[in-house]
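Trainee: I would like a close look at one part of this protein. Please take me through the sheet and then outward from there.

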Amino acid sequence: MSQVIIASQLDDDFNEVIRQRLALTHPDAEVIGVPAGVPSDLPAQANILLARPINVRGYQAPDTPPPGWPYGVQWIQVVSSGIDFYPKWLFNGPPVSTSRGSAAENIAEFALAAIFAAAKHLPDIWVHDSHWQFTALRPLKGTTLGILGFGAIGRSLAQKAHALGIKIVALRQSQAPFEVDGVEAARDIHDLFARSDHLVLAAPLTEATRHLVDRQVLASARPGLHLINIARGGLLDHEALLEALDNGSVGLASLDVTEPEPLPDGHALYGHPRVRLSPHTSAISTHSRYDIADSFLGNLERYLEGLPLENLANTQRGY
């Protein structure tokens with residue numbers, strides 16, 4: 001194996017963590033910062049690309065790669081779990097692995113925080129003067145959490161919810177066992193929505209799952225459902241969601257993702273009284289640079305030893 005030269009689209013503080021870790025294990029390795037976006041004119045000596053999402057905030061990569069692609073790159077690792085933020089041609093050359101699972105704990109905690117906020121009426125119960133109004137807060141124990149998609153995020157969330165005495169019903173694409181205590185399989189998506197008090201969308205976005213949650217599915221919801229989307233905005237038909245919020249099928253929507261991102265100014269979701277929007281931030285934490293480094297460097301060791309890479313991207317699965 002020639003010298004390890006990593007072209008990284010990550011921010012400097014992320015790259016510095018990787019450099020410090022490599023200095024202990026592979027002191028000859030080099031990390032070169034390169035611009036985000038379509039990877040073009042990469043350093044000729046770079047044999048590994050660490051890539052951040054490309055098709056974000058309204059930008060769409062060209063349908064064809066830049067001249068000379070893939071240059072000298074022999075392996076690509078993307079820093080997201082899903083692969084819908086990248087052009088299709090990125091997956092037609094060197095092997096591509098993802099950082100699937102690196103942010104699972106952060107996202108699961110965020111979803112659980114949204115559930116707590118809804119049940120405990122936060123921040124509405126904070127008082128600012130002496131006119132106190134008492135509000136009956138809803139317990140979580142004994143309620144039912146639905147989870148659509150059961151990868152690393154779904155597993156982490158189910159474990160946390162089970163410890164709180166929450167019932168869990170889940171639906172996943174595969175027939176694999178859930179392997180988490182207290183998780184019951186839904187018969188189908190309509191059954192999932194009908195049984196849930198809180199429901200978290202944690203599935204990948206593919207052509208098959210785009211607008212999977214549509215009018216028919218939302219019509220199945222238990223009245224007053226709290227719908228939480230921490231996956232991809234494209235899973236959810238926003239017009240159908242607004243109708244469901246207005247007719248009471250959905251009582252509250254906590255959305256960390258939308259389509260597009262950001263929504264245009266004046267969009268109805270911004271001002272709706274039963275919508276809580278956050279700017280696709282659930283995966284970001286003060287520890288993200290270390291989580292990303294763990295995922296990448298673990299795979300780097302496998303790459304250098306000639307072992308199969310973990311989390312190889314699968315365009316059919318969407319991750």
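Mentor: Start with one facing pair: alanine 7 stands opposite leucine 49 in strand E3. Keep in mind that this is a predicted model. The pair belongs to the contact between E1 and E3, which run parallel and are joined by three bridges.

On to the other neighbour of E1. Strand E1 covers residues 5–8 and strand E2 covers residues 30–33; four bridges join the two, and they too run parallel. Here isoleucine 6 stands opposite valine 31 in E2. To get from E1 to E2, the chain passes through helix H1, residues 12–25, and this β-α-β crossover is right-handed.

Now put the strands together. The open sheet has five strands, in the order E2-E1-E3-E4-E5, with parallel pairing. Its edges are E2 and strand E5 (96–97), each of which pairs on one side only.

Next come the loops around these strands. A salt bridge joins the side chains of arginine 52 and aspartate 11, with 2.9 Å from N to O. Arginine 52 is in the loop between E3 and E4, while aspartate 11 is in the loop between E1 and H1; the pair links distant parts of the chain, 41 residues apart. For the count of salt bridges as a whole, the figure is 13.

The loop between E3 and E4 deserves a second look. Strand E3 spans 48–51 and strand E4 spans 75–78, and proline 70 is found in the loop between them. The peptide bond leading from tryptophan 69 to proline 70 is cis, with omega near 10 degrees. Arginine 57 lies in the loop between E3 and E4 as well. Although arginine 57 is not a glycine, its phi is positive, at about 50 degrees.

Arginine 57 also leads to the wider layout. According to the domain assignment, domain 1 consists of 5–97 + 286–317, and domain 2 consists of 103–277. Taken over C-alpha atoms, the centres of domain 1 and domain 2 are 31 Å apart. Nine residues from domain 1 and seven residues from domain 2 take part in the contact.

Between domain 1 and domain 2, about 640 Å² of area is buried, and carbon and sulfur atoms give 40% of that. On the side of domain 1, Arg57, Asp84 and Arg317 supply 57% of the area that this domain buries against domain 2, more than any other three residues.

Asp84 has a further entry. Its side chain meets that of arginine 232 in a salt bridge, 2.9 Å from N to O. The count of salt bridges between domain 1 and domain 2 is one. For residue pairs in polar contact between the two domains, with both residues at pLDDT 80 or more, the count is also one.

One more peptide bond belongs with the one described above. The bond from glutamate 259 to proline 260 is cis, with omega near 5 degrees. Proline 260 lies in the loop between strand E11 (250–255) and helix H7 (268–271).

Technical notes
Residues are numbered from 1 along each chain as its sequence is written. This is a predicted model: local features need pLDDT of at least 70, side-chain atom pairs count only at pLDDT 80 or more; totals for chains, interfaces and linings use all residues. Side-chain values use heavy atoms; hydrogens and water are left out. Two strands pair if DSSP finds at least two bridges between them. A crossover is right-handed if, with the strands pointing away from the viewer, the path from the first strand over the helix to the second runs clockwise. Domain bounds come from an automatic or database domain assignment. Contact means heavy atoms within 4.5 Å. Buried area is the accessible area (1.4 Å probe) that two parts lose on being put together, summed over both. A salt bridge is a side-chain nitrogen of Lys or Arg within 4 Å of a carboxyl oxygen of Asp or Glu. A polar contact is a pair of N or O atoms within 3.5 Å; within protein, one must be able to donate a hydrogen and the other to accept it, and residues adjacent in sequence count only if both atoms are side-chain atoms.
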